[in-house]
Amino acid sequence: MRCLRLAVALVLLVALPLAAAAGAKAKAPAAPPAPPNATAAMAKGGCKAFAALIAASPDAASTYDAAASGGMTVFCPSDDAVASFMPRYKNLTADGKASLLLFHAVPVYYSPGSLKSNNGVMNTLATDGSARNYNFTLQNEGNVVTIKTGASGAVARVRSTLLDTDPVAVYAVDRVFEPVELFKPAPSPTPAPAPAPAADAPKAGKGGAARHRSPPAVADAPGPEAEDTAPADQKKDSKKSAAAGAPRARWLAAALATVAVASTLA
């Protein structure tokens, strides 16, 4: 009898710890699944150069990893867009490079449907709450989604969806986003000069023809006969002389006749 009690006690000592361990294991919650790998989706979807830049920046890589579990939407520029932008990227400091890379992601998961229903200013992973906001403007026109930063003046367009697995979405874009905090804002367009006022056209007269002043009349030059003709005053004097000489001629003729008669009588 004593041996039996001993055996029961040994069984209990072994079974109870095992049962407690099994119960604790059953109550433990399952570990959440790892978030999708955003950089891997970029590399497979034509954004390999941008994914490599994130991996080369410790600050950017750690921020992307931390944001992925809480929800994140990434806009990755194509390899061609990154290649054309690399000369300017190399001139940035390490902090500037990290800020530019973080400027391409927002800390919210947007599915394709929700992305097309949003418009306005969005914060990015580079937003730090200070004066340097690192925001961009999202706009939708039908099925076209565009992003404008205000620095380059150019507009980036979403070309395709590379990953859409909650809580991470990745979209390919055709340009590198340029924040105004790192690059000069685009200059405002200069207004075109106002056209010069047109000269007044001559007013048309009756019948639609333009009025013209008649040239001043020019007196005809005197002909040869006019040059030989005496002036009117000279003509009057000649008539008076002729009229005055006529009585004298008559008197002279009468005197001559008287003399002739007298000589005959003598």
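# Notebook: burial, packing and backbone checks

I looked up Thr 146 and found it buried, with a relative accessible area of 13%. The cut-off for buried is under 20%, so I count Thr 146 as inside that class at 13%. Thr 146 sits in strand S5, residues 144–148. Setting aside neighbours within four places in sequence, I listed its contacts as Thr 137, Leu 138, Gln 139, Val 155, Ala 156 and Arg 157.

**Confidence.** I note that this is a predicted model. The mean pLDDT of the protein is 75, and 58% of its residues reach 70 or more. I then checked the low stretches. Over residues 205–249 the pLDDT stays under 50, and the model has nine contacts for them beyond four places in sequence. For residues 251–255 the pLDDT is also below 50, and I found zero contacts beyond near neighbours in sequence.

**Helix H3 against H4.** I looked at how helix H3 (residues 48–56) meets helix H4 (residues 58–70). Their axes come within 5 Å and cross at roughly 100 degrees. Angles of 65 to 115 degrees count as roughly perpendicular, so H3 is roughly perpendicular to H4. From H3 the contact takes Phe 50, Ile 54 and Ala 56; from H4 it takes Pro 58, Ala 60, Ala 61 and Tyr 64. By class I have seven nonpolar residues, no polar and no charged in the contact of H3 with H4.

**Helix H3 against H5.** H3 and H5 pack with their axes 8 Å apart, at an angle of about 45 degrees. I therefore entered H3 and H5 as oblique to each other. The H3 side consists of Lys 48, Ala 49, Phe 50 and Leu 53, and the H5 side of Asp 79, Val 82, Met 86 and Tyr 89. The contact of H3 with H5 has six nonpolar, no polar and two charged residues.

**Core.** Phe 50 appears in the H3 contact with H4 and in the H3 contact with H5, and I followed it further. Not counting residues up to four places away in sequence, Phe 50 touches Met 42, Tyr 64, Cys 76, Pro 77, Val 82, Leu 101 and His 104. The largest nonpolar core has 49 residues, and Met 42, Phe 50, Tyr 64 and Met 72 have the most contacts inside it. Strand S7 (residues 168–173) gives the most to this core, with six residues. As background, nonpolar side chains in soluble globular proteins tend to be buried together.

**Leu 92.** I placed Leu 92 in the loop between helix H5 (79–89) and helix H6 (94–102). At 15% relative accessibility, Leu 92 counts as buried. Its contacts, leaving aside neighbours within four places in sequence, are Lys 97, Leu 100, Leu 182 and Phe 183. I also took the spacing of Leu 92 and Leu 182: 90 residues apart in sequence, and 8.3 Å apart in space from C-alpha to C-alpha.

**Backbone.** Most residues other than glycine have a negative phi, and most peptide bonds are trans. I recorded one exception of each kind. Tyr 134 is a residue other than glycine with a positive phi, near 55 degrees. Tyr 134 lies in the loop between strand S3 (120–122) and strand S4 (136–141), and it counts as buried at 1% relative accessibility. The peptide bond from Asp 166 to Pro 167 is cis, with omega near 20 degrees. Pro 167 is in the loop between strand S6 (155–165) and S7.

Key: Residues are numbered from 1 along each chain as its sequence is written. This is a predicted model: local features need pLDDT of at least 70, side-chain atom pairs count only at pLDDT 80 or more; totals for chains, interfaces and linings use all residues. Side-chain values use heavy atoms; hydrogens and water are left out. Helices (H or I, at least four residues) and strands (E, at least two) are DSSP runs, numbered from the N terminus. Buried means under 20% relative accessible area, exposed over 50%, partly exposed in between (1.4 Å probe, protein chains only). Contact means heavy atoms within 4.5 Å. pLDDT is the predictor's confidence in each residue, from 0 to 100. Axes are lines fitted to C-alpha atoms, for helices over the stretch in contact, and angles run from 0 to 180 degrees between N-to-C directions. Angles under 35 degrees count as roughly parallel, over 145 as roughly antiparallel, 65 to 115 as roughly perpendicular and the rest as oblique. Ala, Val, Leu, Ile, Met, Phe, Trp, Tyr, Cys and Pro count as nonpolar, Asp, Glu, Lys and Arg as charged, and the others, Gly among them, as polar. A nonpolar core is a set of buried Ala, Val, Leu, Ile, Met, Phe, Trp, Tyr and Cys residues joined through side-chain atoms within 4.5 Å.
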